[in-house]
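Welcome! Take a moment to look over the sequence and turn the model around on your screen. Then read on for a short guided tour.

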Amino acid sequence: MSLCGGACAVCYAVGAFFLLSLAVRVLKAVYAAYLRPAEDPKKYGAWAVVTGATDGIGLEYAKQLAAKGMNIVLISRTASKLADVKKEILAADKRDIEVKVIVEDMSGEPTEVYPRIAKQLEGLDIGVLVNNVGISYEHPEFFAALDQERIDALVRLNIVSINQMTRIVLPGMQQRKRGAIVNVSSGSGTLPTALLTAYSATKAYVDFFSRGLAVEVEKDGVFVQPHHATKCTIVQATGVRLQAYE
Ligand SMILES: NC(=O)c1ccc[n+]([C@@H]2O[C@H](COP(=O)([O-])OP(=O)(O)OC[C@H]3O[C@@H](n4cnc5c(N)ncnc54)[C@H](OP(=O)(O)O)[C@@H]3O)[C@@H](O)[C@H]2O)c1
């Protein structure tokens with residue numbers, strides 16, 4: 001074989017390997033997104049806990065998990081909204097599930113908020129935790145123009161809530177050797193986003209936290225995943241919720 005022939009064969013082999021691995025990745029992603037049968041979340045435990053559960057993505061998680069037969073703990077700020085969601089879920093469900101509500105403003109003082117939540121979750125076989133609660137800006141804004149209150153709330157709702165809820169629920173999951181934790185991040189957590197700088201940074205925390213923790217607790221049978229919500233901005237703007245997450 002000539003020198004050129006040998007070099008060309010190597011190039012073809014490298015190219016073919018690259019294309020093959022790309023095709024495998026695309027096929028795996030398509031399978032995971034559209035073809036893989038859904039898991040039964042009850043295999044992780046009897047209860048699912050959803051934060052920020054009365055609206056948007058959290059509400060949809062709560063409804064879908066209830067529809068799969070899980071008992072649900074709904075956590076958010078407004079008692080009347082929680083009561084309405086509880087009623088709606090129980091009315092829709094045919095499988096005799098339980099729904100518990102916890103009224104908490106999760107932007108409050110963490111040393112007070114989370115012991116109260118922990119107490120109300122005591123003794124439950126929690127299989128799924130959806131750390132969904134989170135806020136962004138009222139509108140895109142320069143970081144320097146944000147008030148300190150908004151920055152503190154971003155950190156408490158988008159980061160502290162995830163740390164604290166995970167610390168409450170994870171030990172039980174590790175003991176039982178089963179559990180799933182989903183942390184709602186954002187597309188802007190995967191790419192620095194000017195004018196949403198602090199929001200984007202909190203969501204990057206959620207992403208890194210989830211991926212690091214996933215490795216730490218895999219051995220305990222606990223599955224951790226970031227959910228990079230992206231479509232919902234368009235969905236909210238157009239009001240077309242059905243297609244994206246209902
Ligand atoms: N929607 C999007 O376009 C989008 C895109 C990317 C990522 N995300 C992420 O997805 C998650 C959910 O967003 P969403 O737009 O679906 O939310 P949403 O529709 O605004 O709903 C927020 C939920 O959180 C609760 N909540 C708000 N502040 C709270 C507080 N201080 N303490 C306790 N509960 C509180 C609300 O209940 P009350 O009203 O009773 O407080 C409500 O149930 C967030 O983490 C967000 O960053 C959203």
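Is Cys 8 buried, partly exposed or exposed? Cys 8 counts as partly exposed because its relative accessibility is 32%; here, buried means under 20% relative accessible area, exposed means over 50%, and partly exposed is in between, with a 1.4 Å probe and protein chains only. Please keep in mind that this is a predicted model, where local features need pLDDT of at least 70, side-chain atom pairs count only at pLDDT 80 or more, and totals for chains, interfaces and linings use all residues. Residues are numbered from 1 along each chain as its sequence is written, and side-chain values use heavy atoms, with hydrogens and water left out.

**The chain as a whole**

- The chain has eight helices and six strands, where helices (H or I, at least four residues) and strands (E, at least two) are DSSP runs numbered from the N terminus.
- Reading from the N terminus, you meet the elements in the order α-β-α-β-α-β-α-β-α-β-α-β-α-α.
- Along the principal axes, the C-alpha atoms fill a box of roughly 80 × 50 × 35 Å.
- Of the 246 residues in the chain, 40% are buried.

**The cysteines**

- A disulfide is a pair of cysteine sulfur atoms within 2.5 Å, and by this rule the count is zero.
- What keeps Cys 11 from forming such a bond? The closest cysteine sulfur, in Cys 8, is 6.2 Å from the sulfur of Cys 11, so the gap is too far for a bond.
- Cys 11 is exposed because its relative accessible area is 54%.

**Around the ligand**

- The ligand is surrounded by 27 residues, and the closest are Thr 54, Arg 77, Thr 78, Lys 81 and Asn 132; a residue is near a molecule or strand if one of its heavy atoms lies within 4 Å of it.
- Three polar contacts are worth finding on your screen; the term means a pair of N or O atoms within 3.5 Å, and within protein one must be able to donate a hydrogen and the other to accept it, while residues adjacent in sequence count only if both atoms are side-chain atoms.
- A nitrogen atom of the ligand lies 2.8 Å from a backbone N or O atom of Met 106.
- A polar backbone atom of Asn 132 is 2.7 Å from an oxygen atom of the ligand.
- The side chain of Tyr 199 has an N or O atom 2.8 Å from an oxygen atom of the ligand.
- On its own the ligand has 890 Å² of accessible area, and the protein covers 88% of that; such areas come from the Shrake-Rupley method with a 1.4 Å probe, and for residues only the protein chains shown count as cover.
- Two or more residues of the shell come from each of α2 (56-67), α6 (197-217) and α7 (232-238), and α7 gives the most, with three residues.
- How is the shell made up by class? There are nine nonpolar, 12 polar and six charged residues; Ala, Val, Leu, Ile, Met, Phe, Trp, Tyr, Cys and Pro count as nonpolar, Asp, Glu, Lys and Arg as charged, and the others, Gly among them, as polar.

**A pair of rings**

- The structure holds one aromatic pair.
- Tyr 205 and Phe 209 have ring centres 5.8 Å apart and planes at 15°, so this pair is stacked.
- Rings of Phe, Tyr and Trp (its six-membered ring) pair if their centres lie within 6.5 Å; planes under 30 degrees apart are stacked, over 60 edge-to-face, and the rest tilted.
- Both Tyr 205 and Phe 209 lie in helix α6, four residues apart, which is about one turn of the helix.
- Tyr 205 is partly exposed, at 31% relative accessibility.

**Strands and loops to visit**

- Trp 47 lies in strand β1 (residues 47-51) and is buried, at 8% relative accessibility.
- Asn 71 sits in strand β2 (residues 71-76) and is buried, at 13% relative accessibility.
- A polar atom in the side chain of Asn 71 lies 2.7 Å from the backbone nitrogen of Glu 98.
- Gly 69 is in the loop between α2 and β2, and is buried with a relative accessible area of 16%.
- Lys 177, in the loop between α5 (148-176) and β5 (179-184), has a positive phi near 65° and is not a glycine.
- Leu 195, in the loop between β5 and α6, has a positive phi of about 75° although it is not a glycine.
- Leu 195 is partly exposed, at 34% relative accessibility.
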